[in-house]
Amino acid sequence: MPANPKYLTQSIWQRFLKITAAILGGYFVSVSFHLALASWLNRANVLITMAYSGFIVWVALMVIAFLAKNGWKIWGVYLLLTMLFCIIIYFGQTSNPITK
């Protein structure tokens, strides 16, 4: 049974923004989240766990991107989350430097 057209996104740009936010934005948020965890916790354990939990988080973020009404807003949210996690990574690496 095909989808009802009134529920589908009519704008090509909104569709493009949602698809790119789902694929790229979700990946950036997922990876930056796990790297932020790795900068504060045991790196080896977090990075090994990221192989599985990173995929699950990425898929969940993909679903959220397609549920959003506006592609620009979801891109904004994903970019803000990525920047927040990058700041956490920065402070985690400056306060917990790797000693070799």
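**Exercise 1. The pair α1 and α2**

Determine the handedness of the crossing of α1 and α2, and describe how the two helices pack.

*Solution.* Step 1: in this predicted model, the crossing of α1 and α2 is right-handed. Step 2: the contact of α1 with α2 comprises, by class, 18 nonpolar, six polar and two charged residues. Step 3: the two helices pack at an angle of about 150 degrees, and their axes are 8 Å apart. Step 4: angles over 145 degrees count as roughly antiparallel, and α1 and α2 are therefore roughly antiparallel to each other.

**Exercise 2. The pair α1 and α3**

State at what angle the axes of α1 and α3 cross, and classify their relative direction.

*Solution.* Step 1: the axes of α1 and α3 cross at roughly 15 degrees and come within 8 Å. Step 2: this angle makes α1 roughly parallel to α3, since angles under 35 degrees are classed in that way. Step 3: α1 passes α3 in a left-handed crossing. Step 4: the residues of the contact of α1 with α3 divide into 18 nonpolar, 11 polar and one charged.

**Exercise 3. The pair α2 and α3**

Describe the packing of helix α2 and helix α3, and list the residues that meet.

*Solution.* Step 1: helix α2 spans residues 43–67 and helix α3 spans residues 71–95; they pack at an angle of about 165 degrees, with their axes 13 Å apart. Step 2: that angle makes α2 roughly antiparallel to α3. Step 3: α2 passes α3 in a right-handed crossing. Step 4: on the α2 side, Arg-43, Leu-61, Met-62, Ile-64 and Ala-65 take part, and they meet Ile-74, Tyr-78 and Gln-93 of α3. Step 5: by class, this contact of α2 with α3 has six nonpolar, one polar and one charged residues.

**Exercise 4. His-34 and Ser-30**

Decide whether His-34 is buried or exposed, and trace the polar contacts made by the side chains of His-34 and Ser-30.

*Solution.* Step 1: His-34 is placed in helix α1, which covers residues 12–40. Step 2: His-34 has 3% relative accessibility and so counts as buried, the cut-off being under 20%. Step 3: beyond its neighbours within four places in sequence, His-34 is in contact with Val-46, Met-50, Ser-53, Gly-54 and Val-57. Step 4: His-34 and Gly-54 are 20 residues apart in sequence, and their C-alpha atoms are 7.2 Å apart in space.

Step 5: the side chain of His-34 reaches the backbone oxygen of Ser-30 at 2.8 Å. Step 6: Ser-30 also belongs to helix α1, and Ser-30 is buried, with a relative accessible area of 3%. Step 7: the side chain of Ser-30 in turn reaches the backbone oxygen of Gly-54 at 2.9 Å. Step 8: leaving aside neighbours within four places in sequence, Ser-30 is in contact with Gly-54, Val-57, Trp-58 and Leu-61. Gly-54 and Val-57 are thus among the contacts of His-34 and among those of Ser-30.

**Exercise 5. Ser-39 and Thr-82**

Establish which residues Ser-39 and Thr-82 touch, with close sequence neighbours left out.

*Solution.* Step 1: Ser-39 is located in helix α1 and is buried, with a relative accessible area of 3%. Step 2: not counting residues up to four places away in sequence, Ser-39 touches Ile-88, Ile-89, Gly-92, Gln-93 and Asn-96. Step 3: Gln-93, one of these residues, also appears on the α3 side of the contact with α2.

Step 4: Thr-82 is found in helix α3; at 12% relative accessibility, Thr-82 counts as buried. Step 5: with residues up to four places away again set aside, Thr-82 touches Phe-28, Val-29 and Ser-32. Step 6: the C-alpha atoms of Thr-82 and Ser-30 are separated by 8.5 Å, with their positions 52 residues apart along the chain.

**Exercise 6. Pro-2 and Ile-48**

Locate Pro-2 and Ile-48 and classify each by accessibility.

*Solution.* Step 1: Pro-2 lies in the segment before α1. Step 2: the relative accessible area of Pro-2 is 74%, which means that Pro-2 is exposed, as the cut-off is over 50%. Step 3: Pro-2 and Met-62 are 60 residues apart in sequence and 21 Å apart in space, C-alpha to C-alpha. Step 4: Ile-48 is found in helix α2 and is exposed, with a relative accessible area of 60%. Step 5: Ile-48 and Tyr-27 stand 21 residues apart along the chain, and their C-alpha atoms are separated by 17 Å.

Key:
Residues are numbered from 1 along each chain as its sequence is written. This is a predicted model: local features need pLDDT of at least 70, side-chain atom pairs count only at pLDDT 80 or more; totals for chains, interfaces and linings use all residues. Side-chain values use heavy atoms; hydrogens and water are left out. Axes are lines fitted to C-alpha atoms, for helices over the stretch in contact, and angles run from 0 to 180 degrees between N-to-C directions. Helices (H or I, at least four residues) and strands (E, at least two) are DSSP runs, numbered from the N terminus. Angles under 35 degrees count as roughly parallel, over 145 as roughly antiparallel, 65 to 115 as roughly perpendicular and the rest as oblique. A crossing is left-handed if the near helix is turned anticlockwise from the far one by less than a right angle, and right-handed if clockwise. Contact means heavy atoms within 4.5 Å. Ala, Val, Leu, Ile, Met, Phe, Trp, Tyr, Cys and Pro count as nonpolar, Asp, Glu, Lys and Arg as charged, and the others, Gly among them, as polar. Buried means under 20% relative accessible area, exposed over 50%, partly exposed in between (1.4 Å probe, protein chains only). A polar contact is a pair of N or O atoms within 3.5 Å; within protein, one must be able to donate a hydrogen and the other to accept it, and residues adjacent in sequence count only if both atoms are side-chain atoms.
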